[in-house]
Every structure is written in structure tokens, then in C-alpha cells.
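Here are two short exercises to work through with the model open. Try each one before you read its solution.

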Amino acid sequence: MKKVIKMREMSDNQRGIIKRITATGDMGRRLREMGLVPETAIKIQGRAPLRDPVAVKLRDFVLTLRNNEASSIFVEVDVPDPE
Amino acid sequence: MNKKITIALSGNPNAGKTTVFNAITGARQHIANYPGVTVEKKYGTIHHKGHAIEVVDLPGTYSLTAYSLEELVARNFVIDERPDLVVDIVDASSLERHLYLAVQFKELGVPLVIALNMMDLAESRGIIIDVEALSSQFGAPVVPMVARSNKGIQDLLDKVVSLAGEKPRWEPAPISYGMDIDQAIAEISGIIERSEIYDRKYPSWWRALKCLEMDSQITDLLKRDPALGREIELICDSIYKHTMNTLEEEPEAIIADHRYGYIAGITKKVVKRKIESRINFSDKIDKVLTNRIIGPLAMITVLYGMYSFTFWASELPIIWLETLFDGLTAIVLAVVPEGMLQSLIVSGIIGGVGGVLGFVPLIMFMFFAIAIMEDSGYMARIAYMLDRVLRWFGLHGNSVIALIVSGGISGGCAVPGVLATRVLRDPKERFATLLVIPFMNCGAKLPVYALLIGAFFSGDKARIMFILTLLSWIFALFAAKVLRATILKGPKTSFVMELPPYRAPTLRGLLIHTWERTWQYIKKAGTVILAFSVVLWAMMTFPGLSEKQMADFEKERKALSEAFLSSPDVRGLITSEKDLPALNERVRRAVNGKASPGTSGDNRGLAMVAKAASELAQGETDLEKWDQKYLRAASQYLAFRTQIGYHERVQQQTALKGTVAGWIGQRLETVTRPLGFEYRTNIALLGGFAAKEVVVSTLGTAYSLGEVNPEETGSLSERLKRDPGWNPLQAFTLIVFTMLYVPCIATVISIRREASWAWAGFSVLFNLLVAYGVSLCIRQAGLALGF
């Protein structure tokens with residue numbers, strides 16, 4: 001089953017496809033120029049020792065984001081079907 | 001002679017742009033700032049196949065918007081200076097993101113060459129790029145290379161020469177952004193072309209695109225014609241409403257989506273992936289080095305390792321340099337006659353500048369260690385791991401680089417530290433970092449600590465140093481927190497940062513990085529500190545004693561020596577005042593063990609007294625062999641010598657009090673008395689404004705010990721220990737005050753260059769205030785606790 005959740009809520013090593021980015025202005029620009037645009041495949045690489053920022057793998061490189069930035073990115077992920 | 005070819009190197013940060021630039025230009029580099037801004041411009045000219053090629057290194061950027069200084073500088077350089085070619089350096093191992101910038105150069109229409117760097121890394125990750133196909137699909141020549149190992153550099157230069165020969169023209173290569181946007185672009189560019197202010201410097205199509213991206217530089221330009229500006233604004237507004245209603249995205253976002261779509265269309269055709277060989281070592285290392293538990297432990301180990309390495313490696317070179325400067329001092333003392341000129345050279349110039357240059361090895365090895373961390377990619381991980389902590393204090397993960405360069409693990413320099421704040425995009429975060437980096441324990445503060453720790457805390461040297469490092473971080477972080485909550489209050493910023501893959505640094509890269517920062521340190525010694533040392537020397541020398549005071553002191557001295565010579569024990573052995581220098585010299589040599597004074601010669605009495613005095617002075621107990629008359633005269637002599645020494649010190653101190661510096665130091669006592677600092681400490685701290693290490697030499701001078709040589713630092717330390725005004729609490733207060741009180745003059749000048757005079761002035765006041773407050777608390781708390 002597919003489900004769209006915030007990137008912030010994704011667990012480590014989880015993969016997904018970006019569906020929507022709600023950040024606008026300078027923040028939106030920063031995210032886009034680093035390649036975070038809809039339909040991009042991403043994987044959560046890990047988190048810093050204090051669980052923030054988060055490291056995301058996309059387009060063959062690793063990008064870091066703070067949790068509040070990751071909250072503005074909506075990602076489609078696979079979730080196990082409920083029995 | 002062919003015309004000079006100008007090429008601009010551009011590319012994302014971490015694309016290996018600096019490596020390519022270094023590989024092309026070697027040592028023929030120049031550094032300047034772009035006019036009017038604090039963005040560094042590196043350039044160099046080389047010759048290739050009979051052509052002169054000027055290479056300009058543009059700032060590393062991800063995009064060409066008007067929203068960051070670097071991007072604006074890069075863009076304006078390309079538009080205004082019209083280089084013959086732009087070489088865009090692209091990391092083959094993450095092609096998609098790197099082509100985003102290349103696409104924007106295509107939009108602008110500049111003649112473009114793509115340097116496809118890091119081919120080796122791409123290959124090791126199973127990414128195979130069809131270079132020919134990429135070139136034809138993208139519509140620009142592509143040169144594959146591995147700049148780290150110099151592969152492809154010659155090919156690139158060949159390409160540059162042959163392309164420049166074809167006199168390439170600017171041709172904007174429009175891509176499609178979807179019907180709505182394309183239509184709006186056509187409409188706007190039509191309007192621009194009809195207008196009178198269209199100067200053809202920028203392609204009209206590109207200008208229209210930038211209007212839709214709400215690019216302030218371009219829209220401001222068009223608003224010079226108000227009617228035109230309004231007309232365009234109307235179109236932009238309507239397309240904005242339209243896309244928000246239909247696609248829920250702003251035009252800017254749609255444009256970016258289409259750029260990436262365009263890139264994906266190309267990479268799909270030219271990139272093949274070998275799934276089986278996709279080993280990513282960098283990711284594997286990160287699993288360990290940024291792990292929740294191992295990460296911080298590894299970081300502490302690395303930082304501690306850096307610290308130990310620096311101090312271990314620089315120990316011997318520092319001694320060599322000290323020997324060199326001592327030698328220089330000795331030569332000047334021998335060649336230049338005693339007097340003002342000698343004093344100026346020895347105390348003013350060698351004392352000040354030598355003190356600074358003496359620490360070059362320490363600074364250099366620290367910067368070398370920092371360069372290893374930066375070039376390997378580990379520094380980015382430190383910023384990543386510490387961002388959450390630093391954010392709580394209102395700073396940014398990247399602030400940590402500036403803090404470490406400035407002496408965060410002891411032994412950096414705030415001048416390159418100020419420059420290292422350039423990576424911070426948010427001005428408020430940047431100013432907060434600028435204002436607290438002078439709290440770090442830079443290399444110049446270490447001798448002050450060493451002196452005071454040696455005198456009062458000799459048992460726990462390492463522990464005290466560790467406490468001081470910790471304290472400087474605590475003060476810096478809390479000061480930043482206060483600043484960010486008051487005058488530098490601002491919204492949260494972002495930590496959108498690339499974690500570059502780990503790479504083994506190249507020796508050339510390390511050496512260049514180390515040298516760039518070390519040179520900034522050396523430059524401050526040669527210019528600012530030299531000037532200030534001379535000024536300080538003058539302030540501590542003039543006006544000095546009045547003629548009457550001089551005469552009085554001379555009279556007293558004469559009275560003392562007459563009393564000595566006329567005492568019954570001495571009379572007959574030493575007859576004239578003229579013998580005294582010879583006697584002094586003999587005793588001094590004997591005590592220093594340089595030569596045993598012979599008892600022969602034309603004045604046997606004097607020689608015997610000298611020998612007896614030297615043995616007495618050294619605590620010799622076996623005195624049976626001596627004729628009592630010599631012993632009596634010798635002890636008379638030693639008492640006289642103490643009296644004369646005391647007299648001289650009084651004279652020097654009176655002279656010092658009479659100087660400009662002394663006057664200021666005494667006036668300041670009203671303010672510094674609660675801290676326990678008397679005028680001599682004040683003078684030293686005043687000197688420390690030029691450079692912190694001057695505090696030691698100035699204390700030395702102020703405590704009447706003449707020149708402070710390395711050997712004599714011990715004796716200054718001894719003297720402070722014996723001085724009733726000094727105790728561990730006093731020393732600790734001075735240490736903390738020195739840590740915090742003012743950025744040195746070179747740092748102040750750097751802050752002015754990066755920010756403004758107002759910020760530089762504020763920085764001095766702010767630091768003084770913090771230092772005073774903290775030292776007062778320490779002193780008063782210490783007194784209350786009975787230290």
C-alpha cells in the first residue's frame with residue numbers, strides 16, 4: 001500500500017518518492033536547486049546523533065536537512081498492507 | 001601574438017573546482033576580492049600551445065539566482081566580463097544535480113564547456129557515462145577528467161584553445177517549462193524587446209525567465225521604466241495565480257521541475273548503471289562516523305588527535321624560531337649601540353613581530369590538520385553532528401569551522417577564522433559567529449596562559465588547558481545565545497547542505513590550503529603588529545623621566561656606590577667606581593658558570609672579591625679556605641648589588657609610570673581595581689590589543705626585567721609568583737580576562753572588512769564588557785570563597 005507522509009516521519013533507510021514540497025520563498029528555492037523536486041526518489045541515509053538534522057540520499061549524493069525543513073516535504077512510501 | 005583567452009571556472013561547491021583551478025594554474029595564482037563585495041576572486045594566467053589563457057575561478061554555486069552573493073557575483077562576472085568560455089565543472093558521480101547549474105548557463109546562452117570531473121569515483125560506483133552522447137544531447141563539448149590526478153587537464157586546455165579559436169557566440173538555448181510558462185516568457189520578452197531600456201546585454205528571453213522566477217536584480221532593472229515594470233508585473237501576477245490554482249506550485253518551482261525533467265531526459269539516455277558494482281564506501285564510512293554513539297566519540301578522538309599532533313609537530317620548529325630571534329636580538333645588541341635605537345629594535349620590533357612569528361609553526365600545523373579535515377569531507381560531518389547543539393545557541397552547524405579555525409581546539413588564529421564565516425549564508429548567524437570567535441584560544445593567547453599556568457598552577461598544566469578550552473566554548477556559545485536573543489534576533493535558518501563523499505586529500509591541496517591561512521597570520525605580523533609594536537614601544541618609553549628625576553636618581557646611585565666604596569671592609573680592595581663594571585662582569589660570568597674568574601691580573605683584590613662573591617651568591621658553604629677580609633668585602637658587595645638592583649627597578653618603574661602607557665595604565669586602575677589589576681597589568685593588556693602574545697613581553701618589561709627571552713620567561717614567572725600582589729586567583733582572573741577581552745587589532749580590521757566599522761567597534765566593546773563582567777564574577781567569587 002502506498003501512503004504519503006512527511007519526510008520527517010520517515011524512518012532511517014526508508015525509501016520513497018517526493019510528491020509535494022510546501023516550502024516557498026528562499027527555503028523552497030534552496031531545496032529545489034539541490035534537486036528536491038516532485039518525483040525524485042530519495043532514501044533516508046541516517047540522522048545526526050541528536051536525531052536532527054537528517055541525511056537524505058538522492059540523485060547519487062547526500063543532502064542534510066533540519067527536521068523542520070523535512071516537515072515541508074511530502075514523500076510517498078510503501079507501507080505494509082494491514083492484515 | 002594571439003589574443004588572450006579568458007575562461008571562467010564555475011561549478012557546485014565540492015565539484016573539485018579548486019582542484020581543477022590548482023591543476024591548471026599551479027603556483028601562478030592571484031587572490032583579490034570581486035569589486036565591492038567580500039567574495040574572493042582567484043585568477044591566474046597560463047600559456048598553452050602559444051595562447052595566453054586567463055583563468056578566473058568563480059565562486060562555487062548551485063544555481064544562478066540573485067539570492068546569494070556568490071551566485072550574483074558569478075552571474076554578473078559572466079554577463080559583464082563576457083569570458084570567451086565558461087568551463088562548468090561537473091561531478092560525474094552525481095551528474096543530475098551538477099547539470100542543474102549547466103542548464104542555467106545554457107539558458108543564459110554562454111559558450112560552455114563541461115568538465116566532467118571525478119570520473120574515477122563515478123566508475124567505482126558503477127556509473128558509466130557515454131561522454132559523446134552527453135555532449136550531443138546537452139549541446140556542449142564535454143571533457144572527462146580526474147583533476148586530482150591531473151588526468152584530462154591538458155585535454156581541457158586543448159579544447160579551450162580550439163573552441164576559443166572558433167569565436168563562439170552567445171546563443172540562449174531555451175528549454176520548455178510547460179505551456180503556461182513558455183507563453184508568459186514569450187509575452188514578456190516581446191515587451192522587453194520593444195522597450196527602450198533594453199540594452200541587449202542579457203538575452204531578452206532569459207530576462208523574461210528571470211522575471212517569472214521573481215529575480216530581484218532583473219525586475220529592479222526593468223522597473224526603471226515604470227510602465228514597463230507594471231506591465232510585466234501584471235503578467236507575472238496572473239501566471240502566479242494561475243499556476244497556484246491549477247498546479248498548486250509557484251512558477252519558480254515549475255521552472256525548476258522542468259529543468260530537472262530536462263536533465264532526467266538526458267541522463268536516461270547517457271548514463272548506465274552497473275548494479276553489481278555499486279559499492280559506496282562513503283556511505284559505509286558514514287554509518288560508523290555519524291553513528292549515534294560512535295560518531296561523537298570518534299569526533300572527540302579526531303579533535304584530540306589534531307590537538308596532540310599540532311603541539312607535537314610544532315614543538316621543535318618553535319624552539320628553532322625562538323633561537324633564531326634570540327640570535328637576532330644578540331646581533332642587534334652587539335652591533336647597535338645602547339640607546340633609543342637599540343631599544344626600539346629589540347623591544348619594539350623583534351619583541352613584537354618575533355613574538356608573533358614564533359608561533360607560525362603552531363598555527364601552520366593546526367591549519368594543516370584543519371585542511372585534512374576539510375579536504376577529506378570530515379568537517380562537513382562535524383557540522384552535521386553539531387548543528388543541533390549549535391542551533392540551540394543561535395548558531396549554525398557551519399559556525400563550527402570558523403570556531404575551530406579561530407582556536408576552538410587551541411592554537412588557531414581569528415583572522416582566517418573571520419574569513420571562514422563566509423560559508424554562513426544568514427547574515428545574523430554570521431555576525432553572531434564573528435562576534436564570538438575572538439573568545440577562542442588562538443595561538444597568541446597560549447603564551448600568556450603558559451606563563452601564568454607555569455607560575456601558579458604548574459602541577460595541572462594539561463588539566464587547566466583543558467578547562468580553558470572548555471571555558472572558551474562555554475563563553476562563546478552563551479554569548480552567541482544572548483546576541484541571537486537580543487540584537488541579532490532573527491528567524492530560523494536552514495541546514496540544506498551537501499555531505500560530500502569522503503576522499504583522500506591531495507598533498508598539493510593540503511599545502512595550498514595551509515599556506516593560504518598561514519600567510520594571513522604572517523601578514524598580520526608584518527604589517528599591523530609591526531606598526532602597533534612600534535607605537536606601543538613609544539608609548540612605554542616616552543616621555544619617561546624628567547631631567548630633574550634623572551639627576552635625582554643618578555645622585556642616589558652615586559651615594560650608594562660611595563657608601564659601598566668607603567665602607568672599611570671594602571676600602572683598599574676596590575678603590576674606584578671605575579672598577580665596579582669589571583667586578584659586576586666577573587661575578588656574573590662566574591655565577592653563570594661561563595668562566596672561572598682567575599685571581600691573577602693587575603687587581604688581585606678585585607678578582608678575589610669577585611670570586612668570593614660568586615661563591616657566596618651560589619650558596620657555597622665551604623668558606624674556611626677564604627681570607628676573612630675577602631669574604632667580608634664580598635658580602636658587602638652582594639648587599640650593595642641588591643640595593644643597586646632595587647634602586648634600578650624603582651627608577652624603571654618610575655620611568656614607566658611617567659610614560660604615556662603608564663599614565664593610561666594608572667588611570668585605568670580605577671576601573672580595573674575590582675578585578676585586582678594594577679597599572680602594570682593594564683599596560684600589558686593594552687599591549688595585548690596589538691596581539692595577545694605581547695601581553696607576556698609587556699608584563700616582562702613592566703616588571704622590570706628588560707627583555708623577556710624564553711629562558712627568562714621562567715624568571716618572570718618566578719617574579720610574579722613572589723610578588724605579593726599575585727596569587728592563583730589573580731592569575732586565573734587575568735587568564736580569563738585575556739581569553740575574552742578584545743579581538744586583536746588584526747582581527748578587528750578583518751571584521752571591519754567582512755562587516756563594517758560599526759560591527760568591528762561593537763565587537764571590541766562587547767568583548768570588553770563580557771570580559772569585565774566574567775572576570776569580576778570570578779574575582780569576587782574567588783575572594784568570597786577565600787582563595
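**Exercise 1.** Work out what radius of gyration a compact globule with the 83 residues of chain A would have, and set chain A against it.

*Solution.* Start with the rule: 2.2 Å times the number of residues to the power 0.38, with the radius taken over C-alpha atoms. For 83 residues that puts a compact globule near 12 Å, and chain A has 12 Å, so the two agree. Next, look at the extents: the C-alpha trace of chain A spans about 45 × 30 × 25 Å along its principal axes. Finally, check burial (20 or more other C-beta atoms within 10 Å of a residue's own, C-beta atoms being placed from the backbone): 48% of the 83 residues of chain A count as buried.

A note on the model: it is predicted, so local features need pLDDT of at least 70 and side-chain atom pairs pLDDT 80 or more, while totals for chains, interfaces and linings use all residues. Residues are numbered from 1 along each chain as its sequence is written, with chains lettered from A and ligands numbered from 1 in the order written.

**Exercise 2.** Find how many residues of domain 1 of chain B are in contact with domain 2 of chain B, and which element gives the most.

*Solution.* First get the bounds, which come from an automatic or database domain assignment: among them are domain 1 (5-165) and domain 2 (179-277) of chain B. Their C-alpha centres lie 24 Å apart. Then count contacts (C-beta atoms, placed from the backbone, within 7 Å): 21 residues of domain 1 of chain B touch 23 of domain 2 of chain B. On the domain 1 side, α3(B) gives the most, with 7 residues.

How values were computed. Buried ≥ 20, exposed ≤ 12 C-beta atoms within 10 Å, placed from the backbone. Contact = placed C-beta atoms within 7 Å. Helix = DSSP H or I, 4+ residues; strand = E, 2+ residues; numbered from the N terminus.
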